[in-house]
Amino acid sequence: MTTVRVAVGSANPCKIEAVQRAFDQMLSSDDVKIIISSYSVPSGVADQPFGDEETRNGAKNRAMAAYDAACSEAKENNQLEDTPDFAVGLEGGLEKVVYENHEELWCMAWMAIVGSNSKICTSAKADDDDYCPVNGESKSLTFGYAKTGSFLLPPALCDLVLNKNMELGHADDVVFRRVNSKHGSGTVGVLTKGEIDRTEYYVHALKLALIPWIRPQLYFDSVET
């Protein structure tokens, strides 16, 4: 049985569940067990990121901070076998768009996954991928990235974010009279009548961010072992 350890840079249950689902569906099998650990880490960007660059940086920062935290924890506990194989950062953001002289806000999120070219990380590679994984000190870390689909926010939310400087989660709570919605179905959940909740919204993009480990031959240099 191969154990794949994944550190998540968030304590948000929606994000943790999304990572669990994505890794279970992409990597899990009768011979692979996925273990998720979570860490409350800073994003290093604004509480409400705007644009692709800032949002992507937030996801990357969270992934690396989770990786470092998990490594430190394993070292402190003298359990180096618990060092993470992957670490994941998820960061929601907004895009300002001017269309037909009107300013719009579009909601999106970036995923960042850091992992290595090891045998464990590439254990779920495609059957026709001939990549030769590495072991030990020759492992090197790399990132996989992906972005969710985006959707237009209604004017009431746009007004609170743009003119009242609210984070989207807080604006959502005000408009839809909810509490801590970002730990629940999220804005995408209430707008789609529950057809796409926040967890499901992230899962698709997380699977795309795992592509380098599904097709490692196209992303990594093979090293004979």
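**View 1. Tyrosine 145 and its ring partner.** In this predicted model, tyrosine 145 is partly exposed, with a relative accessible area of 25%. That puts tyrosine 145 in the middle class, because buried would need under 20% and exposed over 50%. Its ring pairs up with that of phenylalanine 143. The centres sit 5.5 Å apart and the planes are 10 degrees from each other, a stacked arrangement.

**View 2. Charges over the rings of that pair.** What lies over the face of tyrosine 145? Arginine 56 does, at 3.9 Å from the ring centre. Phenylalanine 143 has a charged residue over its face as well: lysine 60, at 5.3 Å from the ring centre.

**View 3. Tyrosine 201 with tyrosine 202, and a ring cluster.** The structure has seven aromatic pairs, and here's one made of two tyrosines. Tyrosine 201 and tyrosine 202 have ring centres 6.0 Å apart, with their planes at 40 degrees. Why is this pair called tilted? An angle of 40 degrees is neither under 30, as stacked would need, nor over 60, as edge-to-face would need, so tilted is what's left. Tyrosine 201 and tyrosine 202 are both buried. Elsewhere, ring pairs tie Phe23, Phe86, Tyr131, Trp213 and Phe220 together into a cluster.

**View 4. Cysteines without a disulfide.** How many disulfides does the structure hold? Zero. Take cysteine 121: the closest cysteine sulfur belongs to cysteine 71 and is 11 Å away. A disulfide needs the two sulfur atoms within 2.5 Å, so that gap is too far for a bond. Cysteine 121 is also buried, at 1% relative accessible area. For cysteine 132, the closest cysteine sulfur is the one in cysteine 121, 15 Å off and again too far for a bond. Buried or partly exposed: which label does cysteine 132 get? With 21% relative accessibility, cysteine 132 counts as partly exposed, because buried means under 20%.

**View 5. Helix H4 and what covers it.** Helix H4 spans residues 168-175, and its buried residues are Leu168, Gly169, Ala171, Asp172 and Asp173. Which elements cover them? Among them are two strands, E3 (86-99) and E4 (102-116), plus two helices, H3 (155-163) and H5 (186-191). Look just past the end of H4 and you'll find arginine 177, which takes a positive phi of about 55 degrees.

Terms used:
Residues numbered from 1 in each chain as written. Predicted model: local features only at pLDDT ≥ 70, side-chain atom pairs only at ≥ 80, totals over all residues. Heavy atoms only, no water. Buried < 20%, exposed > 50% of the residue type's maximum accessible area, 1.4 Å probe, protein only. Helix = DSSP H or I, 4+ residues; strand = E, 2+ residues; numbered from the N terminus. Contact = heavy atoms within 4.5 Å. Phe/Tyr/Trp six-rings, centres within 6.5 Å; stacked < 30°, edge-to-face > 60°. Lys NZ or Arg CZ within 6 Å of the ring centre and 35° of its normal.
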